[in-house]
2 protein chains.
Amino acid sequence: MRTRPLKVALLGCGVVGSEVARIMTTHADDLAARIGAPVELAGVAVRRPSKVREGIDPALVTTDATALVKRGDIDVVVEVIGGIEPARALITTAFEHGASVVSANKALLAQDGAALHAAAEQHGRDLYYEAAVAGAIPLIRPLRESLAGDKVNRVLGIVNGTTNFILDKMDSTGAGYQEALDEATALGYAEADPTADVEGFDAAAKAAILAGIAFHTRVRLDDVYREGMTEVTAADFASAKEMGCTIKLLAICERAEDGASVTARVHPAMIPLTHPLASVRGAYNAVFVESDASGQLMFYGPGAGGSPTASAVLGDLVAVCRNRLSGATGPGESAYAALPVSGMGDVVTRYHISLDVADKPGVLAQVATVFAEHGVSIDTVRQQGKDGEASLVVVTHRASDAALGGTVEALRKLDTVRGVASIMRVEGE
Amino acid sequence: MRTRPLKVALLGCGVVGSEVARIMTTHADDLAARIGAPVELAGVAVRRPSKVREGIDPALVTTDATALVKRGDIDVVVEVIGGIEPARALITTAFEHGASVVSANKALLAQDGAALHAAAEQHGRDLYYEAAVAGAIPLIRPLRESLAGDKVNRVLGIVNGTTNFILDKMDSTGAGYQEALDEATALGYAEADPTADVEGFDAAAKAAILAGIAFHTRVRLDDVYREGMTEVTAADFASAKEMGCTIKLLAICERAEDGASVTARVHPAMIPLTHPLASVRGAYNAVFVESDASGQLMFYGPGAGGSPTASAVLGDLVAVCRNRLSGATGPGESAYAALPVSGMGDVVTRYHISLDVADKPGVLAQVATVFAEHGVSIDTVRQQGKDGEASLVVVTHRASDAALGGTVEALRKLDTVRGVASIMRVEGE
């Protein structure tokens, strides 16, 4: 074994960073044996140097992250700051100064992955980011490497633990959205400002990363259709139950049936209770991957948290260190397929639509005519009347989002339709 | 991209091999883009050259596998023959002649993994074998690489599709073992001679491979305790149901609580219906991995079949070809921990024991005394009497297999115990 240690600079020392530092210390011998050389924490860049960080030599702590990555003797930079800047500038500087990078930064990868990969390649260094998607669950590596000889057609997953906790709570207790969010906040599952989670931004970043790798095509955050789950109601769960379904916030990356384009989207959807994703509870994550040869694979585990994320970071650290020792680099960006990324209008799926309608003869015929005129075929209709008002619940066969959008627009114009109470996609069948 | 192709020799052209050849042809452009160089099928070694193999140039077919691997221009040998010889000699010869090897051969890896890894390392070549365990499910790579910075404590999985099909059938229909086996055979899920599957040999080989990688310790097939599932009865399933459990054939690799030794075993066990492995249906496989930092991960998918296994082989092929191009090798054997492998007596778990006893006063006291004398603590007892006979169902707290064995031996000596109807371990709690 080589005795000169590989030097690691840690950028950020919050929940994940401090756990990375802890494991690097407590498991130093294991890491050395698995890498073939010892690894040494050479510096830790933080914002608040006065904070006491147990187990970390205060002499290693600095507020000057840029100087740390510019030192020139750093082999690997571990970036767990999050956000776009200064993370982007620091990673770029790290490559320029000869370091490889392990990052957990989904937002940055989703926005600027192509540029960062290009910088890594230009300098002959690695960019690994298993921790950016679904915490400890090995997903990036299986997609990039295990399925490298297969053709992935679909990635369908629960990739945000906060929203899964909230939806699971609504499902199991009948609570409304706000009540479930409050509990998630009290238990530490939701942040004080939950926007990134509940509006689907976090999941959309992960969808962009997954779609890019799965389809060998650049998919940016802007390419991902995004709909949050703040408008999911207890009534939606009741409707889902009647259909033998539950509701999950899903990230879905699909190759079009003709194979000529791809889509990526995040939105709440009904899925059958018999689908394995339906039983993913609490803050857990799970991702289905459907490929030509391998069929359906599922990956399940804790999607967030300091320790699980640190596990993913350290797995990457070992791989990157091994590459340093052998003078090789791992797989870089693979975007050769360069498929067009279609908008939401081209997505084909099923829909569950609740309409408030006047309770009089001919309404169903009117509504059915609108669906037919837009080429949207109806699977089932359930009509319930009360006090001169009635509700119509329509479940469609597969139709494009554009066709469904046109249908809904026309429905809203009908005098007999008082309102569109909810529209929800039905997935996983 | 390099234009000179990498040359691949395929050993074996059965269900898996022919699918590997087919995908290499139909997805040649994708593979080339992902590898950075084209790959060419340079030869196919078979036993019956006269058999027509669609899509394979007859000029590539040979019965002389040894000459093929000795050609000297082969970059990668894909071994999908199975069995010990001639696979072992061919793989060794391949390394000697400069080729890397991708194998799907669980039996060989479990028996001679250490020697094969040593040969690969001696010649600076790769030995990859994702397809040897759980078909298309990425498991070897996540364990070897994604969890390389973590400490795995337990691997618990369903790794044999044939037996899972049979047990699932018994569970869902109430069928007996023979009836369910007959159906599995008729549907092609079981081979004409099902011994390797139903006696647990196949799962034991996989357990040896998984334990070796998970614990960085050499674990040979002989180290794995093995109990088949041919004696599981419909009555056992009824007992399991009463406990809110089902029965699965599990491969279990565990680090002892003190961390100083490991065990590997394959046997039928009751697991709670709420455990994710309980809902793994038909011929699917699923493996739970429990680690210090990452917590519980699960990997799920088709555990066998030509296409899924070919997907795993091709993922390895891409990785090995990339390594060839960069002049590096992937992770080799990691056995530095060299933990002792304990026997079954040291395994600690819970037990479900059915006894046929005389229906008279004092029997329960006698039986309870025997358990106490052997240090096995009882969780629940259920007593049912009929016609002067009675049955006692005892579920224990956690105890060592040695202690349980002693208990059962002493129970058999009691006059009031007519027989031990069944003993089954209870896992996954």
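Modeller: Two strands are said to pair if DSSP finds at least two bridges between them. The model discussed here is a predicted one.

Biologist: Which residue of β4(B) does Val8(B) stand opposite?

Modeller: Strand β1 of chain B, residues 6-11, pairs with strand β4 of chain B, residues 76-79, in the parallel sense. Their pairing extends over 4 bridges. Within β4(B), the residue that stands opposite Val8(B) is Val76(B).

Biologist: Which residue of β2(B) is the bridge partner of Leu10(B)?

Modeller: β1(B) is also joined to strand β2 of chain B, residues 39-45, by 6 bridges, and these two strands run parallel. Leu6(B) has Val39(B) as its bridge partner in β2(B). For Leu10(B), the partner in β2(B) is Val44(B).

Biologist: How many of the 6 residues of β1(B) are buried?

Modeller: A residue is buried if 20 or more other C-beta atoms lie within 10 Å of its own. By that criterion β1(B) is mostly covered, and its count of buried residues is 5.

Biologist: Which strands stand at the edges of the open sheet of chain B?

Modeller: This open sheet has 6 strands with parallel pairing, in the order β3-β2-β1-β4-β5-β6. An edge strand here has a single partner strand, so one side of it is left without a neighbour in the sheet. The strands in that position are β3(B), residues 61-62, and β6(B), residues 127-128.

Biologist: Which element gives the most to the side of chain A that touches chain B?

Modeller: The contact between the chains involves 45 residues of chain A and 45 residues of chain B. On the chain A side, α2 (28-35), α6 (140-146), β12 (295-302) and α12 (306-326) each supply at least two residues. The greatest contribution, 11 residues, comes from α12(A).

Biologist: How many residues of the side of chain A that touches chain B are nonpolar?

Modeller: The residues on this side fall into three classes. The charged class holds 7 and the polar class 14, while the nonpolar class holds 24.

Biologist: Which residue of β12(B) stands opposite Tyr300(A)?

Modeller: β12(A) pairs with strand β12 of chain B, residues 295-302, in the antiparallel sense over 3 bridges. Opposite Tyr300(A) in β12(B) stands Met298(B).

Biologist: Why is α12(A) described as largely enclosed by the rest of the structure?

Modeller: The end C-alpha atoms of α12(A) are 30 Å apart, which agrees with the 30 Å expected for 21 residues at 1.5 Å a residue. Just after this helix, Gly327(A) takes a positive phi of about 75°. α12(A) is largely enclosed because the number of its 21 residues that are buried is 17.

Biologist: Which residues touch the most other members of the largest nonpolar core?

Modeller: This core has 292 residues. Leaving aside neighbours within four places in sequence, the contacts of Val313(B) include Val16(B), Val20(B), Val78(B) and Ala131(B). The residues that touch the most other core members are Val313(A) and Val313(B).

Biologist: Which helix supplies the largest share of the side of domain 1 of chain A that touches domain 2 of chain A?

Modeller: The domain assignment places residues 6-136 and 306-326 of chain A in domain 1, and residues 146-301 in domain 2. The C-alpha centres of these two domains lie 28 Å apart. Their contact takes 13 residues from domain 1 and 14 residues from domain 2. The largest share of the domain 1 side, 7 residues, comes from helix α5 of chain A.

Definitions and conventions
Residues numbered from 1 in each chain as written. Chains lettered and ligands numbered in written order. Predicted model: local features only at pLDDT ≥ 70, side-chain atom pairs only at ≥ 80, totals over all residues. Contact = placed C-beta atoms within 7 Å. Nonpolar A, V, L, I, M, F, W, Y, C, P; charged D, E, K, R; others polar. Expected span 1.5 Å × (residues − 1). Buried ≥ 20, exposed ≤ 12 C-beta atoms within 10 Å, placed from the backbone. Domains from an automatic or database assignment. Core = buried A, V, L, I, M, F, W, Y, C linked by C-beta atoms within 7 Å.
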